Amino acid sequence: MIQKQIFFIAVLLAVFQIQAQEKNSNYRIGLSYGFGSEFSNTDYTFENHFYKAQLYYKIKETKNFEYEVLVQPEINFGKHQLLNFYFVKPEAPNYQQKRDEYTRLKDVREYVLNIGFIVRKPIDKIFSVYVLGSVGPLITDTETERMSKGFAFADVLAVGFTASCHKFQFDIRPSLRHVSNAGLGSSNAGYNTKNIEFGISYQL
């Protein structure tokens with residue numbers, strides 16, 4: 001009797017597993033880690049690393065492409081230093097004090113909510129490539145010569161490469177990132193960085 005019950009439960013679980021595989025969700029959740037630095041220049045340095053939680057939703061699939069929306073809460077840890085103190089003009093109030101302050105190495109923390117759109121091209125059942133564009137609000141906790149403290153925006157353009165294994169997807173994503181406050185603060189030169197990101201996601 002016990003053997004029959006075990007056999008029945010095993011068959012039932014197998015049926016549920018087959019149904020789950022046939023009814024894959026359009027949602028995926030994931031995590032990623034990335035790092036980067038500024039483009040080479042003589043004015044400032046900026047190095048960063050960041051962590052993201054990710055929610056993907058596939059909105060459409062055609063013969064050749066897949067289209068997805070991506071929501072990414074992010075925390076970004078940066079280190080910034082002014083190299084060219086002439087960036088702070090003599091006509092600025094307390095310019096000498098600001099030059100002294102801004103040329104010191106600073107820790108910059110950003111809290112970001114990026115919303116993106118992905119166009120994906122499957123290569124086969126395992127590999128795919130995609131283009132991602134995203135934009136979102138952020139709060140920065142540190143004032144620098146390039147950015148006022150407080151509200152700003154992060155814009156990201158990326159190309160990604162993925163490999164799938166069962167319901168898991170592994171991701172490599174080089175990107176370009178621009179941060180500025182759209183003139184909402186007194187300083188708005190912003191930062192431009194090149195980054196690379198590594199992620200893993202799971203299909204629900």
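In strand β7, Arg-177 is the bridge partner of Val-156, and the strands β6 and β7 pair in the antiparallel sense over 11 bridges. Here two strands are taken to pair if DSSP finds at least two bridges between them; strands (E, at least two residues) and helices (H or I, at least four) are DSSP runs numbered from the N terminus. The structure is a predicted model, in which local features need pLDDT of at least 70 and side-chain atom pairs count only at pLDDT 80 or more, while totals for chains, interfaces and linings use all residues. Residues are numbered from 1 along each chain as its sequence is written, and side-chain values use heavy atoms, with hydrogens and water left out.

The hairpin of β6 and β7 has two residues between the strands, and in this hairpin His-166 adopts a positive phi near 55 degrees. On the other side of the pairing scheme, β7 and strand β8 (residues 191-203) are joined in the antiparallel sense over 12 bridges, with Glu-197 of β8 as the bridge partner of Arg-173. Strand β5 (residues 127-140) pairs with strand β6 (residues 150-165), again in the antiparallel sense, over 14 bridges; Val-129 stands opposite Phe-161 in β6.

These pairings belong to a barrel that eight strands close in the order β1-β2-β3-β4-β5-β6-β7-β8, with antiparallel pairing. Neighbouring strands of this sheet are turned by 25 degrees against each other on average, direction ignored; axes are lines fitted to C-alpha atoms, for helices over the stretch in contact, and angles run from 0 to 180 degrees between N-to-C directions. The protein chain has two helices in addition to the eight strands, and its elements run α-β-β-β-α-β-β-β-β-β from the N terminus on.

Of the 204 residues of the protein chain, 34% count as buried, a class defined by under 20% relative accessible area, with exposed over 50% and partly exposed in between (1.4 Å probe, protein chains only). Among contacts (heavy atoms within 4.5 Å) between residues at least 6 apart in sequence, 63% join residues at least 24 apart.

Val-112 lies in strand β4 and is buried, with a relative accessible area of 6%. Its C-alpha atom is separated by 5.9 Å from that of Pro-137, 25 residues apart along the chain. Not counting residues up to four places away in sequence, Val-112 touches Gln-72, Pro-73, Glu-74, Pro-137, Leu-138, Ala-154 and Arg-177.

Empty space was analysed on a 1 Å grid over the protein atoms alone: a cavity is a set of points where a 1.4 Å probe fits but cannot get out, a pocket is an open set with protein on both sides within 12 Å along at least five of seven lines, and lining residues have an atom within 4 Å of a point. Grid points are joined across faces, edges and corners, and a volume is the space filled by probe spheres set on the points. The count comes to one cavity of 30 Å³ or more, and the largest cavity holds about 40 Å³ of space. Its lining consists of Phe-50, Lys-52, Glu-74, Val-156, Ser-175, Arg-177, Asn-195 and Glu-197, with at least two residues supplied by each of β2, β7 and β8.

The largest pocket has a volume of about 570 Å³. Of the 24 residues that line this pocket, Lys-58, Glu-66, Ser-164, Gln-169 and Gln-203 are the closest to its centre.
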